[in-house]
Amino acid sequence: MEIGNRIKNLRLSKNLTQEELGERTDLSKGYISQLERDLSSPSIETLFSILEVLGSTPKEFFDEEEGKQKVIYEQAERIFFEDEEKGYHIEWLVPESNEKEMEPVLLEIDPQGGFKKFEPSLSETFAYVLTGEVKVCLGEESYTAKANETIYFHASNRHQIVNQTNEKAVLILVATESYL
């Protein structure tokens, strides 16, 4: 097991420099560098001190599955919700995406249907229209996007995506600052 690389990845995920980690653990920047390059091995006490500062337990740190990144998500893993009254069906393409920086969904909007209305937020929204046509209502403005067109906006105004046609619209939508 490459302990050094795990320490480095954990440190970087906490946005700490080697110097900052060293200060918080009473270790030198040079020693942290040696640990991260697997040129030196920490004592159990030192490792536990580093893990405490980095917000990890020894079990989490050494658990091979815990540190493994999930890359492929099967269709059977998707979570979906349907609002028949408003006329949309949404599938979360990555089940735990509300815990991540991006939240990708497959959104189907029935003819004359609309996705729910959203209040202003810090989110950025990207969508790619696979089929049909949608209207993006953003504050007082509205925009129309057709199949094979891309939508991108900052959600700083009230907003909604609607389908005012007689055909189903399907799009891939990705939002940051999870709010879907």
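This passage walks through the sheets, nonpolar cores and aromatic contacts of a predicted model.

We can begin with the sheets. Six strands make up an open sheet, ordered E1-E2-E3-E9-E4-E7 and paired in antiparallel fashion. Strand E1 (79-83) and strand E7 (150-154) are its edge strands, each pairing on one side only. On average, neighbouring strands here are turned by 20° against each other, direction ignored. Within this sheet, strand E3 (residues 102-109) and strand E9 (residues 169-176) run antiparallel and are joined by eight bridges. One point of reference along this pairing is Leu-106, whose bridge partner in E9 is Ile-172.

A further open sheet has three strands, in the order E6-E5-E8, again with antiparallel pairing. Its edges are E6 and strand E8 (159-162), each of which pairs on one side only. For this sheet too, neighbouring strands are turned by 20° against each other on average, with direction ignored. Strand E5 (residues 133-138) is linked to strand E6 (residues 141-146) by six bridges, and the two run antiparallel. Val-136 faces Tyr-143 of E6 across this pairing. E5 and E6 form a hairpin with two residues between them, and Gly-139 in the turn shows a positive phi of about 65°. Towards E8, E5 is held by four bridges, also antiparallel, and Leu-138 has His-159 of E8 as its bridge partner.

Turning to the interior, the largest nonpolar core counts 22 residues, of which Leu-107, Ile-109, Val-134, Ile-151, Leu-171 and Leu-173 touch the most other members. Two or more residues each come from E2, E3, strand E4 (124-131), E5, E7 and E9, and E9 supplies the largest share, four residues. Ile-109 offers a good view of these surroundings: beyond its neighbours within four places in sequence, its contacts include Tyr-88, Phe-115, Val-134, Ile-161 and Leu-171. A second, separate core holds 11 residues, among them Leu-21, Leu-35, Leu-54 and Phe-61.

The aromatic side chains add another layer to this picture. The structure holds four aromatic pairs. In one of them, the ring centres of Phe-81 and Tyr-88 lie 6.3 Å apart with their planes at 50°, so this pair is tilted. Phe-81 is partly exposed at 40% relative accessibility, whereas Tyr-88 is buried at 4%. Tyr-88 also pairs with Phe-115; here the ring centres are 4.8 Å apart and the planes stand at 85°, so the arrangement is edge-to-face. Because Tyr-88 lies in strand E2 and Phe-115 in the loop between E3 and E4, the pair ties together parts that are 27 residues apart in sequence. Phe-115 is itself buried, with a relative accessible area of 3%. Ring pairs join Phe-81, Tyr-88, Phe-115 and Phe-118 into a cluster.

Finally, a loop residue deserves a look. Val-94 is found in the loop between strand E2 (88-92) and E3. With a relative accessible area of 15%, Val-94 falls under the 20% limit and is therefore buried. Residues up to four places away in sequence aside, Val-94 touches Tyr-73, Lys-100 and Pro-104. Tyr-73 has a charged partner as well: the charged end of Lys-70 sits over the Tyr-73 ring, 4.9 Å from its centre. Val-94 and Asn-9, 85 residues apart in sequence, are separated by 23 Å in space, C-alpha to C-alpha.

How values were computed:
Residues numbered from 1 in each chain as written. Predicted model: local features only at pLDDT ≥ 70, side-chain atom pairs only at ≥ 80, totals over all residues. Heavy atoms only, no water. Pairing = 2+ DSSP bridges. Axes fitted to C-alpha atoms, helices over the stretch in contact; angles between N-to-C directions. Buried < 20%, exposed > 50% of the residue type's maximum accessible area, 1.4 Å probe, protein only. Contact = heavy atoms within 4.5 Å. Core = buried A, V, L, I, M, F, W, Y, C linked by side-chain atoms within 4.5 Å. Phe/Tyr/Trp six-rings, centres within 6.5 Å; stacked < 30°, edge-to-face > 60°. Lys NZ or Arg CZ within 6 Å of the ring centre and 35° of its normal.
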